[in-house]
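Subject: Handing over a structure

Hello,

Here is the structure I said I would pass on. Please open it next to this email and follow along.

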Amino acid sequence: MSDVSAVLTLPYLLPSQAQKHVTHNEALRRLDVAVQLAVIARDVTAPPASPAQGDRYLVPAGASGDWAGHADEIAVYDLNTWIFQAPVAGWVARVLGEDAQIRFDGTAWRDGAGALQVETLGVNGAADVTNRLCNTAPATLLTHDGAGHQLKVNKAAAGDTASLLFQTGWSGRAEMGTTGTDDFAIKVSADGAAWVTALGFDGASGTVTGAALQDSPTDTGAGKLARAEYAYGPGNLLGTVSETGGTPTGAVLESGSNANGHYLRLADGTQICWQQMTSSAAGQTLWSFPAGFLGGTVPVVQATGQVQTAHFASVGAPVATGVNFSVWGLSGARVAYATGLVAFGRWA
């Protein structure tokens, strides 16, 4: 039978032993070093000149004086002398001068107490084999340690799920993440069984789909988000108007000009043309519209002589591409006057 303990080598009291208090006190001295281990410093290489009883230091390599040859041991000043305790693998010590925790791995002292690894952890609540970390609390704080902070949710393959699930009474009501694909989605549910993808973001292009978006140019349902190709703004308010089946598919306004005048087209199919020309005293004058009107419709045309003498203007029967006009003097003869012309009709 050994006369010391297996871990701390504490001396045992033996049968019929004399001076048993010596052995007992030696065991207490060793316990006094190891229990709640804290050292003043780990970088002091020479014993302090005036240590206090109970001062403990971790002896570094290259120490001198009474500490020479005791690297990595705990030096404690007791009964006016330095005694040394060799550490055992797994010992943890607090370095008071650095407010740091170190760990002996059997060979050397390492920074940090080592990673704590448990199969489940419940904080004020019970964890289980699925929810291996449980925290029952009014709030949970994750903050930075110097700069930023990332919360990482990793999955093994694209077809798996990495998401945040929001529940009511343990029944899902909203989920955001990559569920079943690598595309990001925000989903909602009224009962935890049927789910609707409100917004889905394509992983390659970043473009958006989902029930929260317009699904057609005429979809103006309450709460719908406008899609760029259906809504209007500075980028597409002006441009080429177009329509399919009466639904606008282009810009809101289209304007242009050429040798025949100016025109303005509206997305609802309305078109306005205007021009200034000089009438002829010899006969009718043809105004070819700067933009044609819808075939089978008759635009409304107005002609006005732009002079202050008595006269009147007339137009012939307009067609989709143009109209004849004349300006008459009070004598009933055609005259050559500057004339303003406006036509209203439809392009679609």
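Two strands count as paired if DSSP finds at least two bridges between them. Keep that in mind for the sheet below. One caution before we begin: this is a predicted model.

**The open sheet**

Three strands form an open sheet in the order β20-β23-β22, and their pairing is antiparallel. The edges are β20 (285–288) and β22 (311–315). Each edge strand has a single partner, so one of its sides has no neighbour in the sheet. On average, neighbouring strands here are turned by 30 degrees against each other, direction ignored.

Now look at β22 and β23 (residues 322–329). Five bridges join these antiparallel strands. One example to find: H311 has G329 in β23 as its bridge partner.

**Aromatic rings**

The whole structure holds nine aromatic pairs. One of them is F312 with W328. How are these two rings arranged, stacked or edge-to-face? Their centres are 6.2 Å apart and their planes stand at 15 degrees, so the pair is stacked. Planes under 30 degrees apart count as stacked. F312 sits in strand β22 and W328 in strand β23, 16 residues apart in the chain. F312 is partly exposed, at 44% relative accessibility.

There is also a ring cluster. Ring pairs link Y57, W67, Y77 and W82.

**Strand β3 and its neighbours**

Next, go to β3 (residues 74–78). Four of its five residues are buried, so the rest of the structure largely encloses this strand. β3 pairs with β2 in the antiparallel sense, over three bridges. Y57 has A75 in β3 as its bridge partner.

β3 also runs antiparallel to β4 (residues 81–85), and five bridges join the two. A75 turns up again here: its bridge partner in β4 is F84. β3 and β4 form a hairpin with two residues between the strands. Look at L79 in that hairpin, which takes a positive phi near 55 degrees.

**Salt bridges**

How many salt bridges does a search of the whole structure find? The search finds seven. Here are three of them.

- R42 and E98: the closest N and O atoms are 2.9 Å apart. This pair links distant parts of the chain, 56 residues apart. R42 lies in the loop between β1 (38–39) and β2 (56–58). E98 lies in the loop between β5 (92–95) and β6 (100–104). R42 is partly exposed at 23% relative accessibility, and E98 is partly exposed at 39%.
- D99 and R94: their side chains meet at 2.8 Å, N to O. D99 is exposed, with 58% relative accessibility. R94 is partly exposed, with a relative accessible area of 29%.
- D105 and R110: the N to O distance is 2.8 Å. D105 is partly exposed at 33% relative accessibility, and R110 is partly exposed at 39%.

R42 and E98 also belong to a network. Salt bridges link them with D111.

**Cysteines**

What about disulfides? A disulfide is a covalent bond between the sulfur atoms of two cysteines. The structure holds zero disulfides. Two cysteines are still worth a look. C134 is buried, with a relative accessible area of 18%. C273 is buried too, at 0%.

**Nonpolar cores**

C273 leads to the last topic. Which residues make up the largest nonpolar core? There are 12 in all: Y263, C273, W287, F289, A291, F293, V301, A303, V323, F325, L341 and A343. Three elements give two or more residues to this core: β21 (300–305), β23 and β24 (338–346). So β23 appears in this core as well as in the open sheet.

Another core lies apart from the largest one. This other core has 10 residues, among them V39, L58, W91 and A93.

**Where to start**

Try β23 first. Find its place in the sheet order β20-β23-β22, then the stacked pair of F312 and W328. After that, move to β3 and trace A75 to Y57 and to F84. Finish with the salt bridge of R42 and E98.

Best wishes

Note on methods
Residues are numbered from 1 along each chain as its sequence is written. This is a predicted model: local features need pLDDT of at least 70, side-chain atom pairs count only at pLDDT 80 or more; totals for chains, interfaces and linings use all residues. Side-chain values use heavy atoms; hydrogens and water are left out. A salt bridge is a side-chain nitrogen of Lys or Arg within 4 Å of a carboxyl oxygen of Asp or Glu. Buried means under 20% relative accessible area, exposed over 50%, partly exposed in between (1.4 Å probe, protein chains only). A disulfide is a pair of cysteine sulfur atoms within 2.5 Å. Axes are lines fitted to C-alpha atoms, for helices over the stretch in contact, and angles run from 0 to 180 degrees between N-to-C directions. Rings of Phe, Tyr and Trp (its six-membered ring) pair if their centres lie within 6.5 Å; planes under 30 degrees apart count as stacked, over 60 as edge-to-face and the rest as tilted. A nonpolar core is a set of buried Ala, Val, Leu, Ile, Met, Phe, Trp, Tyr and Cys residues joined through side-chain atoms within 4.5 Å.
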